[in-house]
Amino acid sequence: MTALVVTGIGVVAPTGVGVEAHWSSLVRGEPAIRPIVGFDPAQYGVSLAGQVTDFVPADHVDPRLMVQTDRWTWMSLAAATLAAQDAGYSPPEDAYATSVFLAAGSGGNEFSQHEIQGLWAKGPKSVGAYQSIAWFYAASTGQISIRDGYKGPSGVVVSEGAGGLDSIGWARRVVRRGTPAVLVGGTEAGVTPYALLCQATSGRLSTATAPEDAYKPFDRRASGHVVGEGGAILLVEDPAAARARGVEKVWGEVVGHGATHDAHHHADAAPDARQYARAIQLSLTDAGITPDEVDLVLAEGAGVPELDALELEALQRVFGGRAVPVPVTAPSSFTGRLMAGGSALNVATALLAMRDGIVPGTAYLDDPVDAPGLDLVQHSRAQQVGTVVVLARGFGGFNSSLVLRRPTEERTS
């Protein structure tokens, strides 16, 4: 087991830019799902999304870099800066002491949309040289590394929605091999015509036109999810290295991770939840804890009835024997499904819940489905939270589970 401490969080999300703006929105119970702006989505059969409306790229990104990169990377650059500032982290003299290991699910959509339209309208000469790097899944990892001078082992995880958690799993390997600090997580910007069309073909998007009807995880009226953009980047460190540089604030500890794959179908979920449940159990075993020690579960919350039922089945397999039902919430219902950015954002949300002793509710959960042995959280409530399990699934059968714990000092006091 390799324990990590989270020392910095950077958030760029539909609920706000900055960790406190995001958290305040969740605690107040203000969903950020609204009609799509920027283009007319009518021909795709969907009309709602979680868009980041108060993000000003020029406030965070050098104009010379903006012309080379996509909105997705702008958000990652901003979130990485916010995370480093939050951690009080300056690039050390040893350039190899910091890694960047992010997740991506769809790459540079807006940039590619523009270049594809130019190709169709004007021909190949209208396509710029930056297309080759702006769309690429590793673009955000590479641009952050270049800008900030981080030369440690770096990479990108492409496991769709599970990626935000899987990047942290990979960071544990990187730290175990000697790199003391890693930027993890990721952002997405898939609210563009072509990206929306690609997601619509899954059949999992809600066609509702009213936000209160669109994304309702674990509700009897659930009919799909809505897409969203943004996410979170976190700085994780080796505990000894963090102490050596005088860290004053630790958000929490990463103590367990488990990942599995359904190995069933490239698009359809497996008919049972065995592999999903196994990922959860692997993470608990890795953390050295039992299901009874978990105070809260942040679920993926697909909003698709069949997928929600499978997630509840997985949770019941692991937590169903508890004397007290485990609280389960799905904060992504406030932002839309952000793919890899969503699971990273849920990690940030879990750390905030531990800090303040507040469990955020699930947006628009008006009529919960039956979930014996589980406590589906409808509204924000005060509750001491010491250990949290964050779950995520990726399109195609990826399952991931992460265990977070309140910092050791706080638990002992």
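Six salt bridges are found by the rule across the interface of domain 1 and domain 2, in what is a predicted model. One salt bridge in the structure pairs D286 with R172, whose closest N and O atoms are 2.6 Å apart. The two domains are those of the protein's domain assignment, which places domain 1 at 4-245 and domain 2 at 253-405.

**Polar contacts**
- Between domain 1 and domain 2, 29 residue pairs are counted in polar contact, with both residues at pLDDT 80 or more.

**The side of domain 1 that touches domain 2**
- At least two residues each are supplied to this side by the helices α1 (19-28), α7 (163-176) and α9 (211-214), and likewise by the strands β1 (4-13), β7 (181-189) and β8 (227-237).
- Sorted by class, the residues that domain 1 presents to domain 2 comprise 29 nonpolar, 22 polar and 12 charged residues.

**Placement and extent of the contact**
- The C-alpha centres of domain 1 and domain 2 are separated by 21 Å, and the contact draws 63 residues from domain 1 and 67 residues from domain 2.

**Buried area**
- About 5,100 Å² is buried between domain 1 and domain 2, and carbon and sulfur atoms account for 65% of that area.
- Within the area that domain 1 buries against domain 2, W23, L165 and F218 together provide 18%, which is more than any other three residues supply.

Methods. Residues are numbered from 1 along each chain as its sequence is written. This is a predicted model: local features need pLDDT of at least 70, side-chain atom pairs count only at pLDDT 80 or more; totals for chains, interfaces and linings use all residues. Side-chain values use heavy atoms; hydrogens and water are left out. Domain bounds come from an automatic or database domain assignment. Contact means heavy atoms within 4.5 Å. Buried area is the accessible area (1.4 Å probe) that two parts lose on being put together, summed over both. A salt bridge is a side-chain nitrogen of Lys or Arg within 4 Å of a carboxyl oxygen of Asp or Glu. A polar contact is a pair of N or O atoms within 3.5 Å; within protein, one must be able to donate a hydrogen and the other to accept it, and residues adjacent in sequence count only if both atoms are side-chain atoms. Helices (H or I, at least four residues) and strands (E, at least two) are DSSP runs, numbered from the N terminus. Ala, Val, Leu, Ile, Met, Phe, Trp, Tyr, Cys and Pro count as nonpolar, Asp, Glu, Lys and Arg as charged, and the others, Gly among them, as polar.
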